[in-house]
Amino acid sequence: VLLGSGLTVLSQPLMYVKVLVQVGYEPLPPTLGRNIFGRQVYQLPGLFSYAKHIVKVDGRAGLFKGLAPRLCSSAIGTVVHSKVLQLFPPDSSFPLQPGASKKEPVSSLEQVLKETSREMVARSAATLITHPFHVITLRCMVQFIGRETKYSGTLSAFATIYREEGILGFFAGLIPRLLGDILSLWLCNMLAYLINTYALENGVGSAPGSGGVFWEPQPHSGGIQVLLLLPQVSTMTEMKSYSQAVTGFFASMLTYPFVLVSNLMAVNNCGLAGGLLPYAPTYSSWLDCWSQLHREGNMSRGNSLFFRKVPAGKRYVWE
């Protein structure tokens, strides 16, 4: 919990800028710069320029608006996730590979499906319980646009949302967030399984001198077989961890539109300037939000905070 809270504090300015960009708020005009290929293009302000603007308006403390409810969400989510996993202990009945330790069970499709389902239930429960804090966090951030103070504290924000929107107001944007989390988890784990099973284990394991366990009798063997096995297991474990990271990044890129739609629905038509025109119309549902963003070509808005090229024909609101 402490480590998660520390990471939450450090990443708060990044999330703050990202949310404002997702809403479509551009306080600074585009500038002429160069892309990664050296060509001159008009670019929207990046992370550091945006952060400097926030500091100029609200001071350094302004970069941490919405931190309190986000810390609550992180801490409660970690506890709920852990408790749910304890309710569904992992299945330890899978056979072991020859020479593998008990800590490294065979990676079978059945095991991947069970572990992914178990993780999906834990994540979904944590998301469901902490979503009200997520909504308050986003609204505290979006207040920067209209300079409102409507959501000035976590407890008062709960009272405000309940009074104006009822219980459903605490779960604005929940459905696309849940769908995005579930799709991202399954994509990540299934892609990692396919890579680990059909690319790494079969490919690396069949390469001469690069995989498998040597069972041939060796003269004065002693611990030679162990010495040969350890680097191979270590290398395979590292490669699998890299594949998990790559597939996780790929899955998050594919499911980013769900994150964007969820955040927009959480602040849409809530009485803040950032949730109304000219930044966003009043959406009837998250599907309506999705279709309008798709028509405008804004499904990836806020996905990158660097080299933000101004698309031709797009309109942005800046001061």
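Begin by selecting Leu-128, which counts as partly exposed because its relative accessibility is 42%, a value lying between the 20% that bounds buried residues and the 50% beyond which residues are exposed. In this predicted model, Leu-128 sits in helix 4. Keep Leu-128 displayed and add Ile-76, Ile-129, Tyr-162, Ile-167 and Phe-171, since together these residues make a nonpolar surface patch of about 540 Å².

**The whole chain**

Next, zoom out and colour the protein by secondary structure, which comes to nine helices and three strands. Followed from the N terminus, the elements run α-β-β-α-α-α-α-α-α-α-α-β, and it may help to keep that order in mind while moving through the remaining stops. Of the 319 residues of the protein, 39% count as buried. If a surface is drawn, its accessible area comes to about 17,700 Å², with 66% of that belonging to carbon and sulfur atoms. Turning to contacts between residues at least 6 apart in sequence, 76% of them join residues at least 24 apart.

**Confidence**

Before looking at finer detail, recolour the model by pLDDT, which averages 83 over the protein, with 79% of the residues scoring at least 70. Select residues 92–106, where the pLDDT is below 50 and where the model nevertheless shows 19 contacts beyond near neighbours in sequence. Then select residues 205–230, another stretch with a pLDDT below 50, for which the model has 21 contacts beyond near neighbours in sequence. Where pLDDT is low, the predicted coordinates should not be read in detail. Among the elements, helix 7 (residues 224–254) has the lowest mean pLDDT, 68, whereas helix 8 (residues 256–267) has the highest, 97.

**The sheet**

Now select the strands, which form an open sheet of three with the order 1-2-3 and antiparallel pairing. At its edges are strand 1 (31–34) and strand 3 (308–309), each of which pairs on one side only. Strand 2, at residues 40–44, runs antiparallel to strand 3 and is joined to strand 3 by two bridges. To see a particular pairing, pick Gln-43, whose bridge partner in strand 3 is Lys-309.

**Salt bridges**

The structure holds eight salt bridges, and the next selections visit some of them. Side chains of opposite charge can pair when their charged atoms come close.

Which residues does the network around Asp-58 join? Start with the pair of Asp-58 and Arg-147, where the closest N and O atoms are 2.5 Å apart. This salt bridge links distant parts of the chain, with Asp-58 in helix 2 (residues 47–58) and Arg-147 in the loop between helix 4 (109–146) and helix 5, 89 residues apart. Then add Lys-65, which also forms a salt bridge with Asp-58, the closest N and O atoms being 3.1 Å apart. As for exposure, Asp-58 is partly exposed, with a relative accessible area of 23%, Lys-65 counts as partly exposed at 26% relative accessibility, and Arg-147 counts as partly exposed at 43%.

Move on to Arg-139 and Glu-165, which form a salt bridge whose closest N and O atoms are 2.7 Å apart. Here again the pair links distant parts of the chain, because Arg-139 lies in helix 4 and Glu-165 in helix 5, 26 residues apart. Is each partner buried or exposed? Arg-139 counts as buried, its relative accessibility being 0%, whereas Glu-165 is partly exposed, with a relative accessible area of 31%. To return to the network, salt bridges that share partners join Asp-58, Lys-65 and Arg-147 into one.

**Last stop: helix 5**

Finally, select Thr-160, whose place is in helix 5 (residues 154–165). Thr-160 counts as buried because its relative accessibility is 7%, which is under the 20% cut-off. With residues up to four places away in sequence left out, Thr-160 touches Lys-150 and Tyr-151, so that displaying those two side chains completes the view.

Definitions and conventions
Residues are numbered from 1 along each chain as its sequence is written. This is a predicted model: local features need pLDDT of at least 70, side-chain atom pairs count only at pLDDT 80 or more; totals for chains, interfaces and linings use all residues. Side-chain values use heavy atoms; hydrogens and water are left out. Two strands pair if DSSP finds at least two bridges between them. Helices (H or I, at least four residues) and strands (E, at least two) are DSSP runs, numbered from the N terminus. pLDDT is the predictor's confidence in each residue, from 0 to 100. Contact means heavy atoms within 4.5 Å. Buried means under 20% relative accessible area, exposed over 50%, partly exposed in between (1.4 Å probe, protein chains only). Accessible areas come from the Shrake-Rupley method with a 1.4 Å probe; for residues, only the protein chains shown count as cover. A salt bridge is a side-chain nitrogen of Lys or Arg within 4 Å of a carboxyl oxygen of Asp or Glu. Patches are made of residues with over 30% relative accessible area and no salt bridge: like charges are joined within 9 Å, nonpolar side chains (Val, Leu, Ile, Met, Phe, Trp, Tyr) within 5 Å.
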